[in-house]
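Me: Please take a close look at one part of this model. Start with that part, then set it against the rest.

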Amino acid sequence: MYRLLTAALLLLWMSGCAVRPLDSGREQVLDRSQHRLQLDISGEAEYNCNGPLSELADAMRTALLCNPQVQIALAELDITTAELNRQIRIDNPTLGLAVRDSDAESGVNIELDLLAPVIDLILYPARKSNAQATLERHRHLALAAILELANQVEAGWYAWQVADLKARVAQRFALTRQLNAELGNRYYQAGNINLHELSELKLEAGTGGLLEDQLSAELTMAGIQMQRLLGVNEPPVLSGTLGKLPKNDPDKSTIWALTQDSHPLLQAARANTDALAKSLALERRFRFLLDFEAGISLEQEPDGGTLLGPAIELELPLWNQNQAEIDEASGQLDKGQQQLLALQQHFSAEIQLTLGQMQLARNRLARYRQEILPAYRNKLDQTLREYNYMLTGPFELLETRAGQIETTLAFLDDLGNYWRFAAKLSRLSGGSWRAADTPDLQLDILSSAINKQEQQHAHTP
Amino acid sequence: MPTRRNFIRDASMLPLLAAGIPMPVNAQLAPPASNGKSTSDARIITLNGRSLDYRMNAGVKEFHLIAEPVEHEFAPGTVAKCWGYNGSTPGPTIEVTEGDRIRIFLTNNLKEHTTMHWHGALLPCGMDGIGGVTQPHIQPGETWVYEWTVRQHGTLMYHPHADEMTQMAFGMMGLFIVHPKQPSTPAVDRDYAFLLHNWAMHPGTYRPDPSVMVDFDLWTFNSKTFPAIDYLYARSGDRVRIRVGNLSMWNHPIHLHGHQFYVTGSDGGRYPEGLWRPEVTEIVGVGQMRDIEFDAVPGDWAFHCHMAHHTMGPMSHELPNMIGVQQRDLVEQIRQVVPGYWTHGEFGMAEHAQHIASGHHRNSGPANTMPMMDGLGPYGPIEMGGMFTVLKVRDDWDGKNDPGWYNHLPGEQAYKLG
């Protein structure tokens, strides 16, 4: 008898040992992040979070290693995993003991019941499978959170670079207007222009100063934004340059295939529907097996006789056949499927919209590069030539230069737009696509607009 | 064979025939070649120009003018798409003698119609060349004939009277000189002639702008600006006549240095001597002709319009006055934003001419644009442009070649005191 009891207990203990908890897979999430971002952050325990940033990859690596948001996302995953483990765990067997003493002659009546929630044991594989699907969803969500941070860093990087260029150009713009006003002052002192004309020049100089202040502040704010995204204590030092545009933008089908295949939010939504489908199947399969406990019952009669035998408790599905739970699971599955569909539609439309915006920015940049900036260069060159021949005055020459610089600022706005939308496309692709850039084309354009003059008119009388 | 189109065209001419309007020239009456052997007995020296050849045909002097687009150089570095006659603007000078029967063929090789008005000529009204008034316009490709007997002498002009604003702005004009049948006295040794004109050749452009009324860029003697205008030459004591016609849109006070000349004639012919008046400057009004005569005095004598801006090359009318503006200390700073910037004009605009003369800024202006001041004399930049040239008079001039700059006699040149 005791052997039987011991065997039952041993069996229950072994079955409990067979139930292994789910692993959060945080390392797997980090690996996926590295792979997706094409970054290697292994062995970076002593990483210097305030080190110089010379390219976008530096910034992303810093964010992944230094921004607590990454660890928060991973900790959230651990918590979720624990919650799932709690949900699927098997309750321990219950041991019931009753000792009754009816009277002195008849002795003591002892009842010992050992009941295990067999239903949990039966359902455990299915529940675990379901929980694994749910956990996979959360792994995707954790990956999405990390990639979202990386993407914000990417967008912030471009914005920071553009802000830096614009601030430098605005400085030049303000200086040009300021020199024009100072020149006007000289003309006024010589008695050659009146106060009205001088005031006009000073007003323009003031406007130039306002723009310089504004764009300088925007650069500072872009730096602070980067500091926040990188999760560092000191403002980062910008040493990189904005890359040139890739030769071509991808077509929608390419990005859409990447998005379908690897966007973590879509993967999470798919994992969700998978989990919900399993949940529904579980509810349906076990609609008549609602609660079931089994064990052994031992009774020692007062006369010393012993009764030993199996004991079960089974809920009879007469009035409740789990229909409500089935309906709920079905509804949840339907909702999950529709959410997946809505998400796909959202991504599809966003990809198309973003590609259109990139194309627009690319076209505008091409027009700037091919028509507007060269035309302004020619205009400035022509104005200088006219100035050389006393056919125009210095105010018009400097104002033409200011106009050229102002146009360059507009060009930079479109440049910033292109990279902003490129970063958005990268986010829509789940980080699987990133515009390949090569440094310095834009700066070439800026410097050539300035230096061409230096080459042509280097001579000094 | 009559066709509907021919019928309509012919029918459209009927009212003109009825009104006595001449029809285009027929095949029997052919114009002389415009580039044949010269039969001209030209006595006029047209500055930067020539006289038109003619052909005698049964006692009639026949000339052939061809209205056509021409590429014209105002001065080295500035060329323009102009219109003119026989390959030039102004067209060649027509010289006839009082009493001549003349026949002038005009072929229109332009893309728009034209006519020819003989400015100042006494002729039958139907030969006056006023499009729409005295004749139909001469359509592209057509050749028309003007024919009359010359009953006057004097300095006349020719120009279109069709889309006149455009065609004259583009350079369609010429001199029409009628010599007197009986030579008058005193006889003239050297007889110069040219037309005054103005051009809206905006800097960097290649075609005159016909819409400009006031602010012209180029001022020309016979469509040339200084320093591309021919010099005038004479021997000391020569009797020189200069015939000046004005087809520009401004009056021009023409001034000759070192001489007191007489105004001796116009399109009304040579005045009776009692009407001659001594001057050093004579205003030649718009549409007027003036002949001046003088006995040449040795030296290099400036000869120019006295409107100061008319003796300049292209210049801006909105240029802020730069005289007296000290900005040298700003130049380096301004070069930071406008490389190539330099300062000029603080002490006057002559600095510009010095830069041009020294070659610093010879080609630093807009394309196809000459500098505002140009010319280099024996003592430095001449600082002129537009309507300016020099009369060179020498005792021993060989009659052909430029004698170079004048060698002043001792005691006859300004000198530096300190």
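Reply: The answer starts with one strand and then moves outward.

This is a predicted model, where local features need pLDDT of at least 70, side-chain atom pairs count only at pLDDT 80 or more, and totals for chains, interfaces and linings use all residues. Residues are numbered from 1 along each chain as written, with chains lettered from A and ligands numbered from 1 in written order.

The part is strand 10 of chain B, residues 174–179. Helices (H or I, at least four residues) and strands (E, at least two) are DSSP runs numbered from the N terminus. Strand 10 of chain B is mostly covered, with 6 of its 6 residues buried. Buried means 20 or more other C-beta atoms within 10 Å of a residue's own; exposed means 12 or fewer, partly exposed in between, with C-beta atoms placed from the backbone.

Side chains in a regular strand alternate between the two faces of the sheet. On strand 10 of chain B, B:Gly174, B:Phe176 and B:Val178 point one way. B:Leu175, B:Ile177 and B:His179 point the other way. Residues of both sets are buried.

Now the neighbours. Strand 5 of chain B (residues 94–97) runs parallel to strand 10 of chain B and is joined to it by 4 bridges. There, B:Glu95 stands opposite B:Ile177. Strand 9 of chain B (residues 154–159) pairs with strand 10 of chain B in the antiparallel sense, over 5 bridges. Pairing needs at least two DSSP bridges. B:Gly154 has B:Val178 as its bridge partner in strand 10 of chain B.

Next, the wider chain. The domain assignment of chain B gives domain 1 (21–179), domain 2 (190–311 + 388–394) and domain 3 (328–384). The C-alpha centres of domains 1 and 3 of chain B lie 42 Å apart. Helix 4 of chain B spans residues 350–358, and its buried residues are B:His352, B:Ala353, B:His355, B:Ile356 and B:Ala357. They pack against strand 22 (374–377) and strand 23 (380–384) of chain B. Just after helix 4 of chain B comes B:Gly359, with a positive phi of about 90°.

How far can chain B be trusted? Its mean pLDDT, the predictor's confidence in each residue from 0 to 100, is 90, and 91% of its residues reach 70 or more. Residues 1–25 of chain B stay under 50, and the model gives them 13 contacts beyond four places in sequence. Residues are in contact if their C-beta atoms, placed from the backbone, lie within 7 Å. Where pLDDT is low, predicted coordinates should not be read in detail.

Across to the partner chain. The contact takes 33 residues from chain A and 33 residues from chain B. On chain A, helices 5 (118–189), 9 (323–388), 10 (394–428) and 11 (441–456) give two or more residues each. Helix 5 of chain A gives the most, with 8 residues. For the complex, the predictor gives an ipTM of 0.79 and a pTM of 0.81.

Helix 10 of chain A also holds A:Phe411. A:Phe411 is buried, because 24 other C-beta atoms lie within 10 Å. Beyond its neighbours within four places in sequence, A:Phe411 is in contact with A:Tyr368 and A:Leu373. The C-alpha atoms of A:Phe411 and A:Ala422 are 17 Å apart, at 11 residues along the chain.

Helix 10 of chain A also helps to cover the buried residues of helix 7 of chain A, along with helix 8 (264–285) and helix 9 of chain A.

Technical notes:
Two residues are in contact if their C-beta atoms, placed from the backbone, lie within 7 Å. Domain bounds come from an automatic or database domain assignment.
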